[in-house]
Amino acid sequence: MTLGQSYRPVRPSRRALLLGGAGASAALALPAAVSLPALALPGRPEASWGVQSGAVTSSSALVWVRSDRPARMLVEVAATESFRRVRRFTGPLIGPGTDFTGTTALHGLPAGERVHYRVTLADPSDPRRTGRPVHGSLRTAPLGRRRGVRFLWSGDIAGQGWGINPDIGGFRVYEEMRRLDPDFFLCSGDTIYADGVIQPSVTLPDGRVWRNVTTEEKSRVAESLDGFRGNFRYNLLDSHVRRFNAQVPTVAQWDDHEVRNNWYPGQLLDDPRYSEKNVDVLAARALRAFGEYFPGSTPAPHGTTGRMHRVVRHGPLLDLFVLDMRSYRNANSPGRQPEDRQGILGEAQLTWLKRELARSRAVWKVIAADMPIGLVVPDGSANFEAVAQGDPGAPLGRELQIAELLRFIKHRRITGTLWVTADVHYTSAQHYRPERAAFQDFAPFWEFVSGPLAAGGFPANALDATFGPERVFVRAPERANVSPMESPQYFGEVAVDGESGELTVRLRAEGGTVLFTRTLQPGRVGQ
């Protein structure tokens, strides 16, 4: 399938720049009151924050850019890096309403192929003033299974005070992941640390000094919309991140640190660092910034407001079920209640998940959770942050909702399910079996944990025996908040073979080491 006509340089008309076109995305239009300052800025619009892509299907994708001023986003797409034959898409007029970010929807793309794109920013007042094109590429989802599918996952970026360290080359692990050339990257939450301050330097236990790139927004906790936006911009200061984004589409979900540690809806903060005590206000601002910086991360189906949970379909081999275990949860508590309909997902999301799992015809159904199932994650001395609460008996509290889901998977004979997550700042593999469990009405399954990607490492969490987990593999430091100079960062890889349908999980450490490998067989209710 050809991607278009012979190339001519982009020279949009002034009318097109001001009005957009049918291919324009839904980014906010630039208000007339702030369109004129672009005339006074010297030079041309620049996209120095790079490009990225998301919401990739077999025929479409979203492309993202950030400008340094009001500008019209223009995208050219081609089958090769030469751009000899291109298709053009006129994107939005972007401005301060979206922090100068914009996305453009690409459609009519060939399935299962590498597609090259370049983004040009044009001055709305003068179509001849265009910035330097910024190049990127993506691989669309296949229609068949022959080529297979492969993705990476991890989470926890710029956490615990460990930011971009120029002495060690910044976030080097992104370059390692880029060279693996996956079909996409699943960022499993804690994409930023809005509640984490980045100091200029930190002295390590052995006397070495960790140096950070610092910004004004990272000098305090995020409360305003601009503060949250500045946290997302911080990660893009790293050249490895920008190169990775330009090559690998991202599927992003959030957890707690996009807002504040261990937050839940309705929480009122008792934290002197915050002047805004209503966490719902903070979460709304964080969600808006999250959607501005991750294309396609908060789709709005059927005219509703944006939501995080969704199914990412990647050909006949893989459906990825992206969960939101933060927005609909009940308050963190000791977790011993005998009835709990709200749980960690909320009733509506649980109903959605069961329905979509039952409808899925993919060989593998990977459940992307932003928190683990059987690992005990405390919140203070009495409450718990995730699903497990340390009681090895029958399900209580949030465990009741997970028990209902696991029972549903077994009785509906849903094949090929497994769980991936991050959150706990180490890497491990847990196998859950009913023979070891207090609750036994479920089929065996695997849960794989990997992270952090650029944050502190922590010791392994205790297991809760309710669902019978066995820790088959773990790699974790012995003390809390070990810096990336002292312990490698971790990410996971999932690869599905097109011919056999086998799924292989690899837990990887920065530096190229594969720590653990497990291959699962297709077509089974339990593994």
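A cavity is taken here as a set of points, on a 1 Å grid over the protein atoms alone, where a 1.4 Å probe fits but cannot get out, and its lining residues have an atom within 4 Å of a point. The model examined is predicted, with local features needing pLDDT of at least 70, side-chain atom pairs counting only at pLDDT 80 or more, and totals for chains, interfaces and linings using all residues. Residues are numbered from 1 along each chain as its sequence is written, and side-chain values use heavy atoms, with hydrogens and water left out.

Four cavities of 30 Å³ or more are found, a volume being the space filled by probe spheres set on grid points joined across faces, edges and corners. The largest has a volume of about 200 Å³. Its lining comprises 16 residues, with Tyr174, Asn235, Val241, Asn245 and Phe294 nearest the centre. Strand E11, helix H4 (225–236) and helix H5 each give two or more residues to this lining; helices (H or I, at least four residues) and strands (E, at least two) are DSSP runs, numbered from the N terminus.

The second largest cavity holds about 110 Å³ of space. Among its 14 lining residues, Ile168, Gly170, Phe171, Pro484 and Gln489 lie nearest its centre.

Tyr174 also belongs to the buried residues of helix H3 (residues 173–180), alongside Val173, Glu175, Met177 and Arg178; buried means under 20% relative accessible area (1.4 Å probe, protein chains only). These buried residues pack against strands E10 (149–154), E11 (184–188) and E24 (490–496) and helix H5 (239–247), contact meaning heavy atoms within 4.5 Å. Just after H3, Asp181 adopts a positive phi of about 50°.

Methods. Buried means under 20% relative accessible area, exposed over 50%, partly exposed in between (1.4 Å probe, protein chains only). On a 1 Å grid over the protein atoms alone, a cavity is a set of points where a 1.4 Å probe fits but cannot get out, and a pocket is an open set with protein on both sides within 12 Å along at least five of seven lines; lining residues have an atom within 4 Å of a point.
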